[in-house]
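Hi,

Here is the structure I promised to pass on. Have a look at it first, and then read on for what turned up.

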Amino acid sequence: MFTRIIQLLQRNRKSKIFFLGFCFALLSLFPIFRNFYYSNGILTYERHIAILEKRSEFYNPWQYRILCPGIVEGMMWVYNNTIDKIYPIEQKFAYTFNATSAPTEETLKFFKLLNTKGAIKYLIIFIFFRFVEHLLIFLLAYVVWSYFIRNNWLIFFGLIFLTLAMGNSIAAADLAFNTYMDNILYLLTACIILYRKSPLWLLAIVPLGALNRETSIMIPFLYFISQMDFKNLNLRSFRFSHISFPPKKVWFITALAYVIFFVIFFSLRIYFGYREPQMWKVPSGLPMLKLNLLSPVAFKAYFEMIGTFGVIPFIILYVFRRFPHILKLWFIAIVPVWFFVHEYTVVTYQTRLFLVPIILVFLPMMLWLIENEARKSLTFKV
C-alpha cells in the first residue's frame, strides 16, 4: 500500500525525506495559522474545558464526540509527566505586551488566555495534535490518490490545493479536531477498499468513528457499496439482475460494523443523557435548507464553497462519464447524501464539513482528469 512512498524516497533518501518533511510541515501549519488568525481557534481551550466539565454549549452533538477530547487529555497527561517536569513552561514565561496603541479585543483575549493557568500547555497540545492530523491526512491522501494517479508531482500539487482548501474552510470554527479525524478515518477506509486489505480492519475503524463523529456512519456503507459492480447496469432499463452484489462475507462485515457503530452511538447518548440540539440561526430541517440555499447567509455559503472547492465539482459533473468506475461510484454514493444532510441540518458556510468529499472524491477525480488528458495530448503529438 505504501510502495509508491517507498519508491519516492529510495533515491537520495535523506535529501528527499528532508525536502518532503519541510514541505509537509509548512502545509500542515498553514491551516492552523488560518484558524487562529481568521477564525475561532482561540476558543478551542474554553470549549475543550466545557466538554470535560459536561457544560458544553454545544452539548448535543459535541458532548458525544469524545474521541479527540480523550486523545488530547491523554497527550496532556504524557506532557505533564515528561516535558513539563523538565521544562515547566508556565513557570518560565510571563506573557505581557507593550502596546503602542490600544490593543484589539482579540489581542486582549489571547493574552488573557496565555495567562490562564494550564492554557498554554493545552495550546501546545492542540497545535501539535492538529499538526499530526494534517500530516496523517497528507500521507493517506497520497496513498489513496496514487492508486489512480502515477505522477508524483501531480499528487504533490493536489496536496497543495488541499492545504489551501483546508486553510479556507475555517469560517466559524475552532481547531475542530473531530472533523479532521473524520477525514483520516475515511481515508483509512479508502485504503482498505482500494488495496484490498482485510475488511476486519474496518471493525477497528468503525468504533473510532462512532466515538469521534456521527458522520462516520457512512464508513460501512462506503465499504459495502465499493464491493458492488454496476458496470452492466443500464439506466434506461434498470434491473437488479444487472447489478453484481457482494458475497455474504461483505454483508456480514457491513452488518457487524453497523451493530458496533450503533451500540456505541446509543450508549454514549444514554451515558451522557440526551439534550435538544442547540439551535444556530434557525432550526434544522426546511428552515435550515432555506437559509443555506435562499438567503443572505446562502450568499456567504456559496462564496465560502468557491474558496474551498473552486469550480472542481462543476468540472467533474461536466465530464463525469470519463472517470474510473470506483470514483464514480463513490461520487454517487457519498456526495449527494453528504451535501443534502449538511444543507438540511447545519449552516454550510462552515465548509470544513465538506472536506471528506473533497479529499475522497473531488481531488482524485480532478487529478486523474489532468493526468489522463495530458497522456492523451502526448499520444496525439507522437
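Let me start with a question: which helices each supply at least two residues of the lining of the largest pocket? The answer is helix H4 (59–62), H14 and helix H18 (325–345). Before I go further, keep in mind that this is a predicted model.

**The pocket**

The largest pocket holds about 1100 Å³ of space. Its lining counts 38 residues, and Pro 61, Arg 65, Glu 214, Thr 345 and Val 346 are the ones closest to the centre. H18 gives the largest share of that lining, with 5 residues. Sorted by class, the lining of the largest pocket has 23 nonpolar, 8 polar and 7 charged residues.

**The chain as a whole**

In case you want the overall picture, the protein chain has 19 helices and 0 strands. Of its 382 residues, 49% are buried. If you take the contacts between residues at least 6 apart in sequence, 79% of them join residues at least 24 apart.

**H3 and its surroundings**

I spent some time on helix H3 (44–52). This helix is mostly covered, with 7 of its 9 residues buried. Those are Thr 44, Tyr 45, Arg 47, His 48, Ile 49, Ala 50 and Ile 51. What do the buried residues of H3 pack against? They meet H4, H5, helix H8 (105–114), helix H9 (119–145) and H11. Just beyond the helix, H3 is followed by Lys 54, which has a positive phi, near 55°.

The packing of H3 on H5 is worth a look in the viewer. Their axes are 11 Å apart and the angle is about 100°, so H3 and H5 are roughly perpendicular to each other. On the H3 side the contact uses His 48, Ile 51 and Leu 52, and on the H5 side Pro 69, Val 72 and Glu 73. By class, that contact of H3 with H5 comes to 4 nonpolar, 1 polar and 1 charged residues.

**The cavities**

H3 also turns up in the cavity results: along with helix H5 (67–80) and helix H11 (177–194), it supplies at least two residues of the lining of the largest cavity. There are 4 cavities of 30 Å³ or more in the structure, and the largest cavity has a volume of about 210 Å³. Its lining is made of 15 residues, and nearest its centre lie Ile 51, Pro 69, Asp 174, Phe 177 and Asn 178. Two of those names should ring a bell: Ile 51 and Pro 69 are also part of the contact between H3 and H5. The lining of the largest cavity divides into 8 nonpolar, 4 polar and 3 charged residues.

**H13 against H14**

One last pair. How do the axes of helix H13 (residues 219–226) and helix H14 (residues 248–272) cross? They come within 9 Å and cross at roughly 170°, which means H13 is roughly antiparallel to H14. From H13, the residues involved are Pro 220, Phe 221, Tyr 223 and Phe 224. They meet Val 250, Trp 251, Ile 253, Thr 254, Ala 257 and Tyr 258 in H14. By class, this contact of H13 with H14 has 9 nonpolar residues, 1 polar and no charged ones. H14 is also the helix that came up at the start, as one of those supplying at least two residues to the lining of the largest pocket.

Cheers

Technical notes. Residues numbered from 1 in each chain as written. Predicted model: local features only at pLDDT ≥ 70, side-chain atom pairs only at ≥ 80, totals over all residues. Heavy atoms only, no water. Axes fitted to C-alpha atoms, helices over the stretch in contact; angles between N-to-C directions. Helix = DSSP H or I, 4+ residues; strand = E, 2+ residues; numbered from the N terminus. Parallel < 35°, antiparallel > 145°, perpendicular 65-115°, else oblique. Contact = heavy atoms within 4.5 Å. Nonpolar A, V, L, I, M, F, W, Y, C, P; charged D, E, K, R; others polar. 1 Å grid on protein atoms, 1.4 Å probe; cavity = no way out; pocket = protein on both sides within 12 Å on 5 of 7 lines; lining within 4 Å. Points joined across faces, edges and corners; volume = space filled by probe spheres on them. Buried < 20%, exposed > 50% of the residue type's maximum accessible area, 1.4 Å probe, protein only.
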